[in-house]
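Q: Could you take a close look at one part of the surface here, and then show me how it fits with the rest of the chain? I'd like something I can follow on the screen as I read.

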Amino acid sequence: MQWWAVAELAVGVALSIVVGVEREFHGKSAGIRTCALVGLGSALFTVVSRHGDWLLPGMTITNVDGSRVAAQIVSGIGFLGAGLIFVRRDSVRGLTTAASIWLVAAIGMAAGAGKVDLAAAATVMYLLVMV
């Protein structure tokens, strides 16, 4: 087993849970479970894309482009976030929830890329913005 990869997944989930706790504390949608799952999925996709030889034995590093997976995570989460935004008359609701889901995906991607310090810094910055 690749313990370093499991550790990166754990960091991605833990930091995503921090965001989810803040969301639930304020009674907003997309709480702990949603944030944890988005962060875990993003971290896992990133870890696997970094080490594509797990999926494609015999391929060299020049045949694997992890940035393509990262781009698909960004667009997929954007699609998911769009479903969280509601427009009713002159009122728009869900923008911050959609943005937080998008950020949680980025936090998971950073953790999955081994940039734990960057993921932690983004989580702290999120908390500062939300205060």
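A: Happy to. One term before we begin: accessible area here comes from the Shrake-Rupley method with a 1.4 Å probe. On that basis the chain exposes about 8200 Å², and carbon and sulfur atoms supply 68% of this area. Please keep in mind that you are looking at a predicted model.

Let's get our bearings. The chain has five helices and two strands, and reading from the N terminus the order is α-α-α-β-β-α-α. The part I'd pick for a close look is the stretch around the two strands, E1 (86-88) and E2 (91-93).

Start with Arg89, which sits in the loop between E1 and E2. Its relative accessible area is 82%, and since anything over 50% counts as exposed, Arg89 is exposed. The backbone deserves a glance too: Arg89 has a positive phi of about 55°, although this residue is not a glycine. Arg89 also belongs to a positive surface patch, together with Lys28, Arg88 and Arg93.

The charged patch has a nonpolar counterpart. Ile85, Val87, Val92 and Leu95 make up a nonpolar patch on the surface, and together they offer about 350 Å² of accessible area. Ile85 itself lies in the loop between helix H3 (66-82) and E1. With a relative accessible area of 30%, Ile85 falls between the 20% and 50% cut-offs and is therefore partly exposed.

If you follow the chain onward, you come to helix H4, which covers residues 95-112. Ser100 is found in this helix, and at 2% relative accessible area Ser100 is buried. Leaving aside residues up to four places away in sequence, Ser100 touches Arg23 and Tyr126.

Another positive phi turns up elsewhere. Ala30 has a phi of about 60° and is not a glycine; its place is in the loop between helix H1 (3-25) and helix H2 (32-50). Unlike the exposed Arg89, Ala30 counts as buried, at 12% relative accessibility.

Those two helices, H1 and H2, also bring us to a charge pair. Side chains of opposite charge can pair when their charged atoms come close. The structure holds one salt bridge, in which the side chains of Arg50 and Glu8 meet at 3.0 Å, N to O. Arg50 is in helix H2 and Glu8 in helix H1, so this pair ties together parts that are 42 residues apart in sequence. The partners differ in cover: Arg50 is partly exposed at 29% relative accessibility, while Glu8 is buried at 10%.

Staying with helix H2, look for Leu37, which is exposed at 61% relative accessibility. Leu37 and Gly108 are 71 residues apart in sequence, yet their C-alpha atoms are 9.6 Å apart in space.

Finally, step back to the whole chain. Of its 131 residues, 32% count as buried. Among contacts with a separation of 6 or more, 64% come from residues 24 or more positions apart.

Terms used: Residues are numbered from 1 along each chain as its sequence is written. This is a predicted model: local features need pLDDT of at least 70, side-chain atom pairs count only at pLDDT 80 or more; totals for chains, interfaces and linings use all residues. Side-chain values use heavy atoms; hydrogens and water are left out. Helices (H or I, at least four residues) and strands (E, at least two) are DSSP runs, numbered from the N terminus. Buried means under 20% relative accessible area, exposed over 50%, partly exposed in between (1.4 Å probe, protein chains only). Contact means heavy atoms within 4.5 Å. Patches are made of residues with over 30% relative accessible area and no salt bridge: like charges are joined within 9 Å, nonpolar side chains (Val, Leu, Ile, Met, Phe, Trp, Tyr) within 5 Å. A salt bridge is a side-chain nitrogen of Lys or Arg within 4 Å of a carboxyl oxygen of Asp or Glu. Lys and Arg count as positive and Asp and Glu as negative; His and the chain ends are not counted. The place of a charge is taken as NZ of Lys, CZ of Arg, CG of Asp or CD of Glu.
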